[in-house]
Amino acid sequence: LDHYVNWYKKTQLNFPDTPTIMPNKIGIFSANRDFSIVSIRDVPYQLRPSQSKIVQALYSNSKEGLSGLTYMEIANITNLTTYGKMSYYFQAELRVGDLFKYSRRDRRYSLIT
């Protein structure tokens, strides 16, 4: 068994029983490689490209241990419109509150982790 485990580690492959579909994970949040599918507490969400960009920016921010981003910072990072609002991108079946925490004090969004 040690030989088998060491071979997987040496070749940097995931074990066969290890899920690889959601490699980006922080706490209760997980996402696939391109952030087109995310999950909070095992509730999956399918994202459009602009939504994926926003989530990826906030994921990177969380991984760095930072306290979130304002909408203007998100817009600058993702090349989205700076005159809009976050809620414009998350409507109908998926809302801002489903994926993000919002701090009114400093107007920053962060992922629900």
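Leaving aside neighbours within four places in sequence, Thr78 is in contact with Lys53, Ile54 and Ala57. In this predicted model, Thr78 sits in helix H3 and comes out as buried, with a relative accessible area of just 6%, where anything under 20% counts as buried. That makes Thr78 a handy way into the packing of two helices. Lys53, Ile54 and Ala57, together with Leu58, are the H2 residues that meet Ile74, Ile77 and Thr78 in H3. Sorted by type, the contact of H2 with H3 has five nonpolar residues, one polar and one charged. As for geometry, H2 and H3 (residues 71-78) pack at an angle of about 110°, with their axes 10 Å apart. So H2 is roughly perpendicular to H3, given that the range for that label runs from 65 to 115 degrees.

Helix H2 has a second job in the picture, this time with a sheet. Spanning residues 49-63, H2 lies across E1, E2, strand E3 (37-40) and E4, and runs at about 55° to E1. Those four strands form an open sheet in the order E1-E2-E3-E4, with antiparallel pairing. At the edges are strand E1 (24-26) and strand E4 (43-46), each of which pairs on one side only. From one strand to the next, the twist averages 15°. Strands of a sheet pair through backbone hydrogen bonds, and can do so either parallel or antiparallel. Here, E1 and strand E2 (residues 29-31) run antiparallel and are joined by three bridges. One residue pair to look up is Asn24, whose bridge partner in E2 is Ala31.

Further along the chain there is a hairpin to look at. Strand E5 (residues 100-103) and strand E6 (residues 108-111) pair in the antiparallel sense, over four bridges. Within this pairing, Tyr102 stands opposite Tyr109 in E6. Those two tyrosines also turn up in the ring analysis. A search of the whole structure finds four aromatic pairs. For Tyr102 and Tyr109, the ring centres are 4.6 Å apart and the planes are at 45°, so this pair is tilted. Their accessibility splits them: Tyr102 is partly exposed, with a relative accessible area of 42%, whereas Tyr109 is buried, at 13%. Elsewhere, ring pairs link Phe29, Phe35 and Tyr59 into a cluster.

Then there are the backbone oddities. Most residues other than glycine have a negative phi. Arg41 goes the other way, with a positive phi of about 50° although it is not a glycine. Its place is in the loop between E3 and E4, and Arg41 is exposed, with a relative accessible area of 59%. Arg107 is another case: not a glycine, yet its phi is positive, at about 55°. Arg107 is found in the loop between E5 and E6, in a hairpin that has four residues between the strands. At 60% relative accessibility, Arg107 counts as exposed, since the cut-off is over 50%.

Terms used: Residues numbered from 1 in each chain as written. Predicted model: local features only at pLDDT ≥ 70, side-chain atom pairs only at ≥ 80, totals over all residues. Heavy atoms only, no water. Pairing = 2+ DSSP bridges. Axes fitted to C-alpha atoms, helices over the stretch in contact; angles between N-to-C directions. Contact = heavy atoms within 4.5 Å. Parallel < 35°, antiparallel > 145°, perpendicular 65-115°, else oblique. Nonpolar A, V, L, I, M, F, W, Y, C, P; charged D, E, K, R; others polar. Phe/Tyr/Trp six-rings, centres within 6.5 Å; stacked < 30°, edge-to-face > 60°. Buried < 20%, exposed > 50% of the residue type's maximum accessible area, 1.4 Å probe, protein only.
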